[in-house]
Amino acid sequence: MTKEKREILIFLIFTLAVLITPLFLRGSYYLNVLVFIGINTMLAIALNLLLGYAGQISLGHAAFFGLGAYISGILTTRFSFDPWLAMIISALMSGGLAFIIGFPILKLKGHYLAMATLGFGIIMFIIFNETVALTGGPSGLSGIPNIHINSLVFDNDLNNYYLIWVITLMVMLLSINLSQSRIGRALRAIHDSEVAARVMGVNARVLKVQIFAVSALISAVAGSLYAHTMTFISPASFGFNFSIELVTMVIIGGLGSIYGSFLGAAILTVLPEFLRVLQDFDIVVYGLMLILMTMFMPGGLISGLRLIGEAIGSRIKRKSVSNA
Amino acid sequence: MLKQMFRVVISVLFVVLMAGSAVAAPPIKIGALFAVSGPASFLGEPERNTAKMMVDEINKAGGIKGRQLELIVIDTQGDATKAVQGVNKLIKDDKVAAIIGPSTTGDTMAVIPVVEKAEIPMVSCAAGVKITDPTKKWVFKTAQNDALAVPKIFDHMKKQKINKIAILTVSDGFGSSGREQLVLHAKQFGIQIISDETYGPKDTDMTAQLTKIRGSEAQAIVCWGTNPGPAVVARNVKQLGITLPLYMSHGVSSKKFIELADDGAEGIILPSGRVVVADQLSKSDPQKKALLNYVENYKKHYNVEGDHFGGHAYDAIMLIKGAIERGGDSPAAIRDQLEKTVKYAGIGGTFSYSAQDHAGLTSDAFVLVQIKNKGWTLLK
């Protein structure tokens, strides 16, 4: 089996699994959890394109998520736009903003880039919080309409599940394609050595800004979907903590792996349910996971799974050989 | 012989089991959403403690109409996303009959669409006016509106012939709602707001804003926020030697504030629920009994004095208890009976709900208190 064929097969199996899962979860609250996992998967993939492929850190990605949510929320509640149109506008505006700030910001490297994106995240949080007349301030923006297609309104968990996951699958497909293309290879080249990449003729400066904009655009779509499924948004959901949570998702799942992003998003969405007993100390567990992950499994959980898979595979092979 | 003994054991077991199942009708499940951790934990923690204490007590006294209560607490961390996930779990997984909380206005607004759709009654412990205005069918609240606190302060100012004031509000949900009410009521009272300053929830120094206020013609300062910000303001006022009267909101009516503000707290006037001055109330006050009972009980369990915020959870539990006693324990019955609550004298005030009013309190819910000798004094 060629690599491409295998990639397609894995995606089809994943799609099938996503589509039939609700049949086993009718009316259960886990469907609601899966809706949030879908949104977080989109965000993790968006950040992974930047962090995992191009090797550029962003500690302010919650800001693009919030920007998408707020632009969409404000356009639909205050100017009665159609949610779909609002989603497209919010995605384009966030992507455009990322494109503009990307040029100066992405000139920075390492800690300086981390600081700049962190600052951007905090600035956006303050804007969400302080422009009370527009965003409703700290007590939030309510009454955001649900998305609908003609008479089909996405206002329950089952409908939302399909809405979010169909778009998530589209984002996954796009990202897998991107990562296997010439651009994906160029990004990985930048990741390994920017100087070498430029010597080989990769326009690193523009490419980094472009992937930053794509990443922001996907985050904004996720934000818009979040706003329309929750019908309420408040700044607390788009703060610094959430930016860190996103980075954790990507690293725990596996840098540079699309399915790893799904794994990381799923774990970080479900984990708080189990860590509730620890209250404020849950952050310690996240920190510990990050440390252990980078020390012992730098490729993330997905690489761990792959290792286990290979071990089992080779054992079966060995057995069949000895049997023969 | 052995067979006979076996038979006896079995029949005894059978009887015990039957008796057990007869007593243990399934408990009535009450869900609770509190911001136990995170920046709003000063609300969520006493609320959770109080709710647990009350449910234990109700169960020890034989439950409600013979049925035990089961409290399921979920920590929202003051984050709307977690609140919505939590409320979905409570409704779909735990199948609760009613919900108390959330602690903050933001969390409450986030979960309202969910409870309205699932038709589960919810008694919020947050103060925001928009929670019950406009009235939502399934949503009630126990915390006093900011709209009731502001006139208390302005009344007092009028008596002192104060006409020009400076306001200093925190930039979070509580502060922005308070600021709105201050601006709104100032016009009605003919009070002029000369200086309108804000500060961030985590700021540790407000001398810049206060220096500006000192230079203005303001005759008094109103600070609107929850701990720890106002304590910093109080200390800064003292350090800067500002002698203007300082008014604060009900957001600081806990012992913690006096500890934090130290000497700066002396002389500050604020509207508060009656809980902090329970022992100074006249005997005819309808709330006195509930208040003293709550304060003592809380102290016994948790070694600190019960405050205003825990009181919101106390009222929520007692209101739901009353509703179940009068009607059934289905969500619809609880809602209908909640709406018929008349003159329940609790911690936050005397509640009377109606189809139009799901907030249930009048300006009578607040009294003005002054901080003297590190304690509370009722201003008459």
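**Asking how we know: a predicted two-chain model**

Author: In this predicted model, chain B holds an open sheet of five parallel-paired strands, in the order β2-β1-β3-β4-β5.

Reader: What makes β2 and β5 of chain B stand at the edges?

Author: Count partners. β2 (69-75) and β5 (139-141) of chain B each have a single partner strand, so each has one side left without a neighbour in the sheet. As for the twist, neighbouring strands of this sheet are turned by 25° against each other on average, ignoring direction.

Reader: How do you know that β1 of chain B and β2(B) are joined?

Author: Two strands pair if there are at least two bridges between them. Strand β1 (residues 28-34) of chain B has seven bridges to β2(B), and the two run parallel. So, with at least two bridges being the bar, β1 and β2 of chain B count as paired. You can spot B:L33 opposite B:I74 in β2(B).

Reader: What lies across β1, β3 and β4 of chain B?

Author: That's α11(B), lying across β1, β3 (98-100) and β4 (122-124) of chain B and running at about 160° to β3(B).

Reader: Which domains does the assignment give for chain B?

Author: Domain 1 is 28-144 + 288-361, and domain 2 is 147-272. Their C-alpha centres lie 29 Å apart.

Reader: How many residues of domain 1 of chain B are in contact with domain 2 of chain B?

Author: Contact asks for C-beta atoms within 7 Å. By that test, 13 residues of domain 1 of chain B are in contact with 13 residues of domain 2 of chain B. On the domain 1 side, α4 (105-118) and α11 (308-326) of chain B each supply at least two residues. That side divides into five nonpolar, six polar and two charged residues.

Reader: What does the contact take from chain A and chain B?

Author: It takes 25 residues from chain B and 25 residues from chain A. On the chain B side, α3 (80-93), α4 and α6 (173-189) each supply at least two residues. The largest share of that side is nine residues, from α3(B). By class, the chain B side has six nonpolar, 12 polar and seven charged residues.

Reader: And chain A, with its 14 helices and four strands: why is it called as compact as a globular protein of its length?

Author: Its radius of gyration is 20 Å, close to the 20 Å that the globule rule gives for 324 residues, so chain A is as compact as a globular protein of that length. Of the 324 residues of chain A, 47% count as buried.

Terms used. Residues are numbered from 1 along each chain as its sequence is written. Chains are lettered from A and ligands numbered from 1 in the order in which they are written. This is a predicted model: local features need pLDDT of at least 70, side-chain atom pairs count only at pLDDT 80 or more; totals for chains, interfaces and linings use all residues. Domain bounds come from an automatic or database domain assignment. Two residues are in contact if their C-beta atoms, placed from the backbone, lie within 7 Å. Ala, Val, Leu, Ile, Met, Phe, Trp, Tyr, Cys and Pro count as nonpolar, Asp, Glu, Lys and Arg as charged, and the others, Gly among them, as polar. The radius of gyration is taken over C-alpha atoms; the globule rule is 2.2 Å times the number of residues to the power 0.38. A residue is buried if 20 or more other C-beta atoms lie within 10 Å of its own, exposed if 12 or fewer, and partly exposed in between; C-beta atoms are placed from the backbone. Axes are lines fitted to C-alpha atoms, for helices over the stretch in contact, and angles run from 0 to 180 degrees between N-to-C directions.
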